[in-house]
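I opened this notebook to keep track of what I looked up, one item at a time. The entries follow the order in which I checked things.

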Amino acid sequence: FADIASDRIVGAIDYHRAPARENPPDAPASAGVADNEALSNPSPRLGTHNVTLQLKRSEEWARWTGQSEKLMDQIDFADFLEENGIDVTDPTGASLLELCRDIHAMSGASVKSAIRQGDVRKLEIQRDNKATTDYGAELPVQFEISIPVYFGESPITLKCMTRVKVAGGMVQLGYKLVRAERARQEDFQRIVDAVSVDTDTLAVYGAK
């Protein structure tokens, strides 16, 4: 039984008894009496003996999904990217570090606007009542991360769309994971399929 909502797979070792059968004609009368008695009752045992695989979601998954669609001030956003930059695969690590430095440098400045130009969002910064784009920061419209859904499993690639909100000269930054739940379900399906093949059993979806 595979419960996708709780990340749990339960195998019922004695889910059901086998159908009744008779002893061979030449078998002694006393042979297999107890066995035949059990086999004559095909009613389910309701999984008296179970084995459970409880999948644990990875720390990386918790971090990235926990901050998805949450806006942060520019310093908190830069700190988050620096701390978790090892998971970012596109842009490169050097580009990400430069982006974090640009965001840190914006502290105390007034952000006039955020304009999308191709694959980047350009933030226009104003200092000393003079507008300038030379001190601005360019955020990618999207970036990719590679993290495991479950502890001990192989990483998968997820797309993140950047989010920018400018109000009263202040800017808030964030990101949104694209179809993260669908990716989790697909990875859970992969694990269930692997378990089914390894145990030569048929997986049944739904809560047990």
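**Entries on the aromatic residues and helix α3**

I began with W64, which counts as buried because its relative accessibility is 0%, and I noted that the model I am reading is a predicted one.

I then looked for ring partners, and the count for this model comes to five aromatic pairs. Among them is the pair of W64 and F80, which is edge-to-face, with 5.0 Å from centre to centre and 80° between the planes. This pair links distant parts of the chain, since W64 sits in helix α2 (residues 59-67) and F80 in helix α3, 16 residues apart. F80 has a relative accessible area of 11%, so I entered it as buried, the cut-off being under 20%. I also found that ring pairs join W64, F80, F143 and Y175 into a cluster.

Next I turned to helix α3, which covers residues 74-84, and listed Q74, F77, A78, F80, L81 and N84 as buried. Seen down the axis of α3, these buried residues fall within an arc of 160°, so they line one face of the helix. I added a reminder that an α-helix has 3.6 residues a turn, so residues three or four places apart point the same way. At the start of α3, I saw that a side-chain oxygen of D73 comes to within 3.1 Å of the backbone nitrogen of I75.

My last entry concerns E186, which I located in helix α5 (residues 180-199). Its relative accessibility is 48%, and E186 therefore counts as partly exposed. From C-alpha to C-alpha, E186 and I4 are 10.0 Å apart in space, while in sequence they are 182 residues apart.

Conventions. Residues numbered from 1 in each chain as written. Predicted model: local features only at pLDDT ≥ 70, side-chain atom pairs only at ≥ 80, totals over all residues. Heavy atoms only, no water. Buried < 20%, exposed > 50% of the residue type's maximum accessible area, 1.4 Å probe, protein only. Helix = DSSP H or I, 4+ residues; strand = E, 2+ residues; numbered from the N terminus. Arc of directions from axis to C-beta. Polar contact = N/O pair within 3.5 Å; in protein donor to acceptor, adjacent residues only side chain to side chain. Phe/Tyr/Trp six-rings, centres within 6.5 Å; stacked < 30°, edge-to-face > 60°.
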